[in-house]
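Student: I would like to learn how to read a model such as this one, feature by feature. Can we go through it step by step?

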Amino acid sequence: MLVSSLIGLVAALLGWALLAASCARVGVPERGAELRVQWVLPREFPAQVSLHRLGPEGESPVMRSYERGVEPVLGAAIEDGVLHVELDRAETVAVVLRNPLDRPVRFWVAPHLPVPHAAEPALMIRCLCTGETYEVPAGGTWVRAVQLGIRRRQAVERMTIAHVVTVGDAPVLERTDGH
């Protein structure tokens, strides 16, 4: 059931991306660009997701969990997940998940989908969609640093990156190369 829902969601996002790509203008913007990070969450996903600037000390938490009552040092929230980026420069920001439950929440993130798709070669990204299973502690907070940017090559003025978050463990795939 979960797999079929995920497949349906990915298919819908792909259709939307193809439609948007056919209408998109690809070219070098005169100024910087707008990069919007979108989270597609299942209804049963309890954690709240937000994007933040790094803390005042410039600390870059690669990935860290915080127990209930311990707060990470973060910069300002990035409203609506919209970053205004300088071309050819990746920006490091923090993805923050807060778990209100009395039990841990395990999740994984499917590969990101850039829209318009035609601008994908311009995307600079180091993100969550690594095939790993992540865990937010009970009542706690989970933080991961990600890098986002747009290259001048095939740049667009606006790009959205959709991330599909899935509850539970990431699927374990068998190798097909004989190893």
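Tutor: The rings of phenylalanine 107 and tryptophan 142 are a good place to start, and both residues are buried. Keep in mind throughout that this is a predicted model.

Student: How is a pair of aromatic rings described?

Tutor: A ring pair is described by two quantities, the distance of the centres and the angle of the planes. In this structure the count comes to 4 aromatic pairs. For phenylalanine 107 and tryptophan 142 the centres are 5.3 Å apart and the planes stand at 90°, so the pair is edge-to-face.

Student: Which parts of the chain does the pair of phenylalanine 107 and tryptophan 142 link?

Tutor: Distant parts: phenylalanine 107 is in strand S7 (residues 105–109) and tryptophan 142 is in strand S11 (residues 141–150), with the two positions 35 residues apart along the chain.

Student: What is the geometry of the rings of tyrosine 134 and tryptophan 142?

Tutor: Their centres are 5.0 Å apart and their planes are at 50°, so this pair is tilted. The angle is neither under 30 degrees, which would count as stacked, nor over 60, which would count as edge-to-face. Tyrosine 134 is buried, as is tryptophan 142.

Student: Which residues do ring pairs link into a cluster?

Tutor: Phe45, Phe107, Tyr134 and Trp142.

Student: Now the fold. How many helices and strands does the chain have?

Tutor: The chain has 1 helix and 12 strands. Read from the N terminus, the helix comes at the start of the order and the strands follow, as α-β-β-β-β-β-β-β-β-β-β-β-β. Among contacts with a separation of 6 or more, 84% are between residues 24 or more positions apart.

Student: Take one strand as an example. Is S12 mostly covered or mostly exposed?

Tutor: Strand S12 (residues 158–167) is mostly covered, with 8 of its 10 residues buried.

Student: Which strands pair with S12, and in what sense?

Tutor: Strand S1 (residues 33–40) runs parallel to S12 and is joined to it by 7 bridges. S7 pairs with S12 in the antiparallel sense over 3 bridges. Strand S8 (residues 113–115) also pairs with S12 in the antiparallel sense, over 3 bridges.

Student: What do the bridges look like at the residue level?

Tutor: Start with threonine 160 in S12, which is the bridge partner of arginine 36 and also of valine 115. Elsewhere in S12, valine 165 is the bridge partner of valine 109.

Student: How does one look for empty space inside a model?

Tutor: Rolling a probe the size of a water molecule over the atoms shows where empty space is left. This structure holds 1 cavity of 30 Å³ or more, and the largest cavity has a volume of about 40 Å³.

Student: Which residues line the largest cavity?

Tutor: Val37, Trp39, Leu51, Val95, Cys127, Leu128, Val146, Leu148 and His163. The elements that give two or more residues to this lining are S1 and S11.

Student: And accessibility: what share of the residues is buried?

Tutor: Of the 179 residues in the chain, 41% are buried. The accessible surface of the chain is about 10,200 Å², and carbon and sulfur atoms account for 53% of that surface.

Student: Where is valine 73 placed, and is it buried or partly exposed?

Tutor: Valine 73 is in the loop between strand S3 (63–66) and strand S4 (74–77). Its relative accessible area is 46%, so valine 73 is partly exposed. Its C-alpha atom is separated by 5.3 Å from that of glycine 55, 18 residues apart along the chain.

Conventions: Residues numbered from 1 in each chain as written. Predicted model: local features only at pLDDT ≥ 70, side-chain atom pairs only at ≥ 80, totals over all residues. Heavy atoms only, no water. Phe/Tyr/Trp six-rings, centres within 6.5 Å; stacked < 30°, edge-to-face > 60°. Helix = DSSP H or I, 4+ residues; strand = E, 2+ residues; numbered from the N terminus. Buried < 20%, exposed > 50% of the residue type's maximum accessible area, 1.4 Å probe, protein only. Contact = heavy atoms within 4.5 Å. Areas by Shrake-Rupley, 256 points an atom, 1.4 Å probe, with all protein chains shown as cover. Pairing = 2+ DSSP bridges. 1 Å grid on protein atoms, 1.4 Å probe; cavity = no way out; pocket = protein on both sides within 12 Å on 5 of 7 lines; lining within 4 Å. Points joined across faces, edges and corners; volume = space filled by probe spheres on them.
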